[in-house]
Amino acid sequence: MGLEHSSLNRTQQLVLGFFVFAWVALVVILVVTPEVYDQALRLPSGERELSTLAFLAALSTFLVLLGIAVVRRWRWTFWLVLVAFLIGGVLRVPASILELSGVLPADFPAWYVLLQALIGVVQVVIGVLMLVGYRRDGVWGSF
């Protein structure tokens, strides 16, 4: 890659920042309230620690690989992240509202459902900014 790719632009920084936030939030939840992910992953009580560590390791590896792809500005990763953020974000917000209003069964504490809604809003905003950057400078263009 040439010199024009030697530094991260705002779009890349924002996506990488989101990945870091997601990983830190996961670790905090696993340490402070592990029962949330135990319930989400439906872990048997005897295998909780090993399963949790395997889950954290797998997700960490996936986020590191995505991070490398973002830094290297791989095209397929741009489209993967864009679609995941736009669709995932758009679905998270109404699902969270429906859970909090009692229309859908709430399997998780209210604070976690609100966190999911906030993540959804942030994902949509990042997705829109990625589209702005794409319209301006192409794949991984700065917004």
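This passage walks through a predicted model of a single chain, from its overall build to a few of its residues.

The chain holds 5 helices and 0 strands, and reading along the sequence gives the pattern α-α-α-α-α. Along its principal axes, the C-alpha trace spans about 50 × 35 × 20 Å. Of the 143 residues in the chain, 35% are buried. The chain exposes about 8600 Å², with carbon and sulfur atoms supplying 71% of that area. Among contacts with a separation of 6 or more, 73% come from residues 24 or more positions apart.

A good place to begin a closer look is the interior. In soluble globular proteins, nonpolar side chains tend to be buried together. In this model, the largest nonpolar core has 24 residues, and those with the most contacts inside it are Val15, Phe19, Met130 and Trp140. The elements that give two or more residues to this core are H1, H2, H3 (48-71), H4 and H5 (110-137). H1 gives the most, with 7 residues.

The pairing of H1 with H2 comes next. Two packed helices are described by the angle between their axes and the distance between the axes. For H1 (residues 10-32) and H2 (residues 34-41), the angle is about 100° and the axes lie 5 Å apart. Angles of 65 to 115 degrees count as roughly perpendicular, and H1 and H2 are therefore roughly perpendicular to each other. On the H1 side, the residues that meet H2 are Leu26, Ile29, Leu30, Val31 and Val32, while H2 brings Pro34, Val36 and Tyr37. By class, this contact has 8 nonpolar residues, with no polar and no charged ones.

Attention then turns to the segment after H5, where Trp140 is found. Trp140 has a relative accessible area of 1% and is therefore buried. Leaving aside neighbours within four places in sequence, Trp140 is in contact with Asn9, Thr11, Gln12, Val15, Val70, Arg73, Trp74, Thr77, Phe78 and Met130. Two of these partners, Val15 and Met130, are listed alongside Trp140 among the residues with the most contacts inside the core.

The backbone of Trp140 also deserves a look. Most residues other than glycine have a negative phi. Phi of Trp140, however, is near 60°, a positive value in a residue other than glycine. Arg73, one of the contacts of Trp140, likewise has a phi near 60°. Arg73 lies in the loop between H3 and H4, and its relative accessibility of 15% is why Arg73 counts as buried.

Another partner of Trp140 is Thr77, which lies in H4 (residues 75-100). With 0% relative accessibility, Thr77 counts as buried. Besides Trp140, and leaving aside neighbours within four places in sequence, Thr77 is in contact with Leu66, Ala69 and Val70. Val70 is thus a contact of Thr77 and also of Trp140.

Val139 sits in the segment after H5 as well. At 19%, the relative accessible area of Val139 falls under the 20% cut-off, so Val139 is buried. Leaving aside neighbours within four places in sequence, Val139 is in contact with Arg75, Phe78, Trp79 and Tyr134. Phe78 appears among the contacts of Trp140 too. Looking back along the chain, the C-alpha atoms of Val139 and Val128 are separated by 13 Å, with the two residues 11 apart in sequence.

Terms used
Residues are numbered from 1 along each chain as its sequence is written. This is a predicted model: local features need pLDDT of at least 70, side-chain atom pairs count only at pLDDT 80 or more; totals for chains, interfaces and linings use all residues. Side-chain values use heavy atoms; hydrogens and water are left out. Axes are lines fitted to C-alpha atoms, for helices over the stretch in contact, and angles run from 0 to 180 degrees between N-to-C directions. Helices (H or I, at least four residues) and strands (E, at least two) are DSSP runs, numbered from the N terminus. Angles under 35 degrees count as roughly parallel, over 145 as roughly antiparallel, 65 to 115 as roughly perpendicular and the rest as oblique. Contact means heavy atoms within 4.5 Å. Ala, Val, Leu, Ile, Met, Phe, Trp, Tyr, Cys and Pro count as nonpolar, Asp, Glu, Lys and Arg as charged, and the others, Gly among them, as polar. Buried means under 20% relative accessible area, exposed over 50%, partly exposed in between (1.4 Å probe, protein chains only). Accessible areas come from the Shrake-Rupley method with a 1.4 Å probe; for residues, only the protein chains shown count as cover. A nonpolar core is a set of buried Ala, Val, Leu, Ile, Met, Phe, Trp, Tyr and Cys residues joined through side-chain atoms within 4.5 Å.
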